[in-house]
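Student: I should like a close look at a single part of this structure, the place where two chains meet. Please describe it in one connected account.

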Amino acid sequence: MMEIRTPKTGKAKRVLEKRAPKLVETGKKTLILHGTKTSATLSSVLMELYRLKKGGAIRYSRRNENIRPFESGGETSLEFFSQKTDCSIFVYGSHTKKRPDNLVLGRMYDHQVYDLIEVGIENFKSLLAFSYDKKFAPHEGSKPFICFTGEGFENVPELKHLKEVLTDLFRGEVVDNLNLTGLDRAYVCSAISPTKVFLTHCALKLKKSGSIVPRMELVEVGPSMDLVIRRNRLPNDSLMKEAMRTSKDKPKKKVKNVDQDAVLGKTGKIYMPDQKLGDMKLLDKSKGLKRERKEAKLKHKEETVSKKMKESSE
Amino acid sequence: METDMETEQIYQVDVGNLLAFNPNHRFPSAPSSREELVKECIREGTKLVQAIANTLFNFPSTETNDGPIVQLPPPTTKLPREKHIPRPKPPTKWEEFALKKGIQKRKKDKLVYDEQTDQFKRRHGYDRVNDDNDVPIIEAKATDEPGVDPFAKRLDDKKKRVGKQEKNRLQNLKAAEKAGALPSHVQLAATSLPISGTKAQPKKIGKDELGDVAGLAATSTASGGKFDKKLPGEKPPKKQGKHHKYLPVVAGRGDVNAEKEQTNNVLSKIFSKHSHEILNVGKAINMYNVKKEKKKSGRSDKSGRSDKLKPKKDITKKSANKAK
């Protein structure tokens, strides 16, 4: 015996529809959590990452003992959290003797672990350590520029993987329209060695240049850190194939109020709003426009006189 | 400037993601100092950002109150999806039938002309056309049975139709779930008892039941639950046992005569002339007969059993059998 359960409130229904799989996807939400032990640097890294991604991230403050992303059974908690919070990227920090200041960046497909990459953090500089003119501080939730420099990102497979994961992590929502005044942040990632990536977050200063394109200037606002590649796990081929599948046809938006008529062709109705005759302005008898009114009246008189003369001559 | 233009062409720019990649820069393997390295990285970053901005600011922009808005092209870097592509819903039983028969969907109007009242009434809702509850007279047909209430029969038929529709809807949803295309706001949940041997679903206890059980547990303690620690929000237990209200007898506590009257009424009823009418003779006889029969059947059953299994009768307790 099965029972059909539907949400009783509109809000619940809307939440469920938001979480349903869509044809065209927008941003992914990030889940930030940590394991049994964290160091000072690691906890500040996680906190600052959360601040950078404020709109689309959820941070768990309690420690999680049974999460071991690289082991076969240690992913169940992560999958459960992903299901509950509807997050598809997770950042898991842990600090052990063998792997100090460890950060595991992972992605989910259908709330199952898709791929993982483990990095160690070195030379971390918090955003409080940077001093800059607060006018240029980037706003929360603005779409960032992402820059990758270095041949390592193309030649080394782990760095290639990291590049993909960092793009996914930092890009935020996928939008159609962008407001050019809202561009104020950039992430700069440089492959300084085949195993190390230098990551920093900068604010943008748009300076006047000769053309429409402003001259860009980057100011480091922090945080900045070195990421050392440790382990990674690529997705298996079938899963990757399925996840990379995109639907070619875009859902056609229904155009309203357009009809095709055989005789008239393309028709549409113009709906006029109700004329509030009581509130309509009749004459602008304000004293300030008195001169204009007089001149207009004179002009009109002249025109009628000239017209009459024309007609009489004909 | 020319060298700049050359290197620009080799940058991989994805404007949809505001992403740029320079695959040709080589960092020195022995960096001079940390600061130099940082400066170099930022310099390279600036070049990349400038490259993206060059393309971005040359897009046609529309002016709004907040600033120039530009239409971004779709991103070119392929990133994995978050969830699977929504699967197509399998056609329902009716849809299959309609397809087979070639039945087209027809749009129904909200207002329908009602012949009886000569006006337009709505199709569904308050004061609707052809409302089942409004018919005053149902003419009897030759096939009708004499004892059947046609109005009740109509209600019954409607209930059956609604039940059938719900069953069909459930079947359609089950088929959709099998195909992985259940609508996002619907959940199917199992509600029946499981087959024996499997883990039984815990029965849900209501608030009142919990309160009763807690009360029982409290009174079974030595002090009758009076000194038990109460959880925040727990209500004091309801008065246990029989609830008797005794009227006051002492002059200071209230109306003394009310109690006197009560007892006098009871006495007068017993001593009155028609006191035999209080007793329901028929009922008394029935009770006596039933008891007798029980005793007879009980004795015939018990003959085979040994004394040790019989509950020991307490001789100090007086028997309640006085109506013999």
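Tutor: Two strands count as paired if DSSP finds at least two bridges between them. In this predicted model, strand β8 of chain A, residues 177-179, pairs with β4(B) in the antiparallel sense over three bridges. Within β4(B), I69(B) is the bridge partner of N179(A).

The strand pairing belongs to a contact between the chains that takes 76 residues from chain A and 59 residues from chain B. The area buried between chain B and chain A is about 6,500 Å², and carbon and sulfur atoms give 62% of that area. Of the area that chain B buries against chain A, 13% is supplied by F57(B), R81(B) and E82(B), more than by any other three residues.

Polar and charged groups also take part. Across the interface of chain B and chain A, 30 residue pairs are in polar contact, with both residues at pLDDT 80 or more. The side of chain B that touches chain A draws at least two residues from each of β2 (19-22), α2 (34-57), β4 (68-71), α4 (150-178) and β7 (187-190) of chain B. The largest share of that side, 16 residues, comes from α2(B). By residue class, the side of chain B that touches chain A divides into 31 nonpolar, 18 polar and 10 charged residues.

Salt bridges between chain B and chain A number four. One of the salt bridges joins R26(B) to E151(A), with the closest N and O atoms 3.2 Å apart.

Notes
Residues numbered from 1 in each chain as written. Chains lettered and ligands numbered in written order. Predicted model: local features only at pLDDT ≥ 70, side-chain atom pairs only at ≥ 80, totals over all residues. Heavy atoms only, no water. Contact = heavy atoms within 4.5 Å. Buried area = accessible area lost by both parts, 1.4 Å probe. Salt bridge = Lys/Arg side-chain N within 4 Å of Asp/Glu carboxyl O. Polar contact = N/O pair within 3.5 Å; in protein donor to acceptor, adjacent residues only side chain to side chain. Helix = DSSP H or I, 4+ residues; strand = E, 2+ residues; numbered from the N terminus. Nonpolar A, V, L, I, M, F, W, Y, C, P; charged D, E, K, R; others polar.
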